[in-house]
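Student: I'd like to practise reading pockets and salt bridges from a model. Can we go through one together?

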Amino acid sequence: MLGFGTFSHSISAGRKTEMGYDVPEGVDIRGRYDPEFARILTRDALQFVADLQREFRNHIKYAMECRKEAKMRYNNGAMPGFDPATKSVRDAEWVCAPVPPAVADRRVEITGPVERKMIINALNSGAKVFMADFEDALSPSWENLMRGQVNLKDAVNGTISFHDQARNRVYKLNEHTAKLFVRPRGWHLPEDHILIDGEPATGCLVDFGLYFFHNYAAFRQNQGEGCGPFLYLPKMEHSREARIWNNVFEKAEKMAGIQRGSIRATVLIETLPAVFQMDEILYELRDHSVGLNCGRWDYIFSYVKTFQAHPDRLLPDRVLVGMAQHFMESYCDLLIRTCHRRSVHAMGGMAAQIPIRDDPAANEAALELVRKDKLREVKAGHDGTWAAHPGLIPTCMEVFTNYMGNAPNQIETMKRGDAAVITEEDLLQIPRGVRTMEGLRLNTRVGIQYLAAWLTGTGSVPLYNLMEDAATAEISRVQNWQWLKYGVELDGDGIGVKVTVDLFGRVVEEEMARIEREVGKDKFKTGKYKEACRIFTQQCTAPALDDFLTLNAYSHIVMHHPDGSSRL
């Protein structure tokens, strides 16, 4: 059947005017006009996005209201847990649709923003999958989002290249590349540069809609072996949110004239409420699922956010909240057991280390941490894992291949434990460890530097030999907020001082001075460090905890161009 993507190019040609983007009724574009972006923002593509927005906006608003109600319950002392109303879904024997052969082997996946050079290097990296990110690794400026769509279109078509003028080097795709997954933004994030019926569009529907519209046909031919496109879905808290995604996929498949179940998605389990909904999430997406992923940094952030009104659940230093903590180990074990019972991939977490080129001993120590983490994952039953840097892929690949051999995954071979043995108490156990002044300083230093980069258009930032994205900055922010709110005693370094607004003010001042020394006076002056400091400090000291750092800071990167749209 002729899909709308193939058809649209013939009817859209020549419609661009000198005034700006050609848009359908009810759609206004407030972003800068660019002829390259106009390749993406065609009338037909925008009509598809508008159709999705109009059909699902009330469902999305309801889901966001349900999040607010759940937050109120937790703030009033309730605890998240398994839903008695959906016990039959958890108890029943059912499986998801068979995994497409194109993505049966996902033992190592690399992630990164939808930047042109990154996309080429990641697809050429030797990983099995590249997750191209519109979410936590990207600062969602108009330029980044639209260039990302252009880059993905060129990548799917196999024509992407990049000339690095500083190195005088041209980057192109190898003959064999990783399979491409795309992660749109979460349900909660708006796209303020595109208005539909006078309201900002839902960010993830813009990301998904434009990508799917332009690429589904070429992707299925070039990448998916007749299946796809493939996606990662972030930040869900409840299966009702998965149901919306499933309905979006079905609508897209119907409009494109492709088989139901063609689109496949892996859901990140990265919020505490979602860990109690894993069966239900898979069930809603059972025709479109290729598994779940342990989004462990966001999961730690969500633990603090969920228990923001519970002073008995204070986290220790963030460096101590690792996979050895019982609540984290239980979460991963339950995810593996759930996924394998439902015949889909159970993906492991991120190795955030980056190579330390000027210190071989420190580099080897970092790689040894990665080896131990990946060995723990593959022995536990994970079918694959994430790496933040191409330099980690050989190490991760070696660990998984040594253990799994030639098998593409462990879905059928790994002995499946009974998920029922993992209780609510296991998943909610309070993390153990100390809190220190250095923990407060590191949170502050990382949070401010990440936010400064984000405000200037960079969403994935190397800091202190780790690749930081929005998730790790979120941990820094909410932990500082929690410690300030409850006047936590820093009991781990013998000082015994309590965290107060005055103490935090001195720490901010001293850490800003340290940042200036580390980055240099010129970069400090031209970067947005002072603006980032102001926003980060406000969020850490606010009476009520903001839900998301990026949602609060988004207004600082929105740039409206009122004359972006035109109609014929």
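Student: Which elements each supply at least two residues of the lining of the second largest pocket?

Tutor: Keep in mind that this is a predicted model. To read a lining, go from the elements to the residues. Here the elements are α3 (43–75), β9 (199–202) and α11. Helix α3 gives the most, with eleven residues. The pocket has a volume of about 610 Å³, and of its 28 lining residues the closest to the centre are Met64, Arg67, Lys68, His188 and Asp547.

Student: How many nonpolar, polar and charged residues does that lining have?

Tutor: By class, there are twelve nonpolar, six polar and ten charged residues.

Student: And what is the volume of the largest pocket?

Tutor: About 780 Å³. Of the 34 residues lining the largest pocket, Trp297, Val319, Gln353, Leu369 and Leu466 are the closest to its centre. The largest share of that lining comes from α13, with eight residues. Its classes are 22 nonpolar, four polar and eight charged.

Student: Now salt bridges. Which side chain does Glu241 meet in one?

Tutor: With any salt bridge, look at the partners, then at where they sit in the sequence, then at burial. Glu241 pairs with Arg67, at 2.8 Å from N to O. Glu241 belongs to helix α8 (residues 239–256) and Arg67 to helix α3, so the bridge ties together parts 174 residues apart in sequence.

Student: Is Glu241 buried or exposed?

Tutor: Buried means under 20% relative accessible area. Glu241 has 0%, so it counts as buried, and Arg67 is buried too, with 11%. Arg67 is also one of the residues closest to the centre of the second largest pocket.

Student: What about Arg441: which residue is its salt-bridge partner?

Tutor: Glu510, with the closest N and O atoms 2.5 Å apart. Arg441 lies in helix α16 and Glu510 in helix α18 (residues 501–519), so this pair ties together parts 69 residues apart in sequence. Arg441 is buried at 19%, whereas Glu510 is partly exposed at 40%.

Student: How many salt bridges does the structure hold?

Tutor: There are 52. Some link up into a network: Arg32, Asp34, Glu36, Arg39, Arg116, Glu143, Arg147 and Asp154 are joined that way.

Student: One last feature, helix packing. Which residues of helix α5 are buried?

Tutor: List the buried residues, then ask what they touch. In α5 (residues 116–123) they are Met118, Ile119, Ile120, Ala122 and Leu123. These pack against β3 (108–113), β4 (129–133), α6 (142–157), β5 (161–164) and β6 (169–172).

Note on methods. Residues are numbered from 1 along each chain as its sequence is written. This is a predicted model: local features need pLDDT of at least 70, side-chain atom pairs count only at pLDDT 80 or more; totals for chains, interfaces and linings use all residues. Side-chain values use heavy atoms; hydrogens and water are left out. On a 1 Å grid over the protein atoms alone, a cavity is a set of points where a 1.4 Å probe fits but cannot get out, and a pocket is an open set with protein on both sides within 12 Å along at least five of seven lines; lining residues have an atom within 4 Å of a point. Grid points are joined across faces, edges and corners, and a volume is the space filled by probe spheres set on the points. Helices (H or I, at least four residues) and strands (E, at least two) are DSSP runs, numbered from the N terminus. Ala, Val, Leu, Ile, Met, Phe, Trp, Tyr, Cys and Pro count as nonpolar, Asp, Glu, Lys and Arg as charged, and the others, Gly among them, as polar. Buried means under 20% relative accessible area, exposed over 50%, partly exposed in between (1.4 Å probe, protein chains only). Contact means heavy atoms within 4.5 Å. A salt bridge is a side-chain nitrogen of Lys or Arg within 4 Å of a carboxyl oxygen of Asp or Glu.
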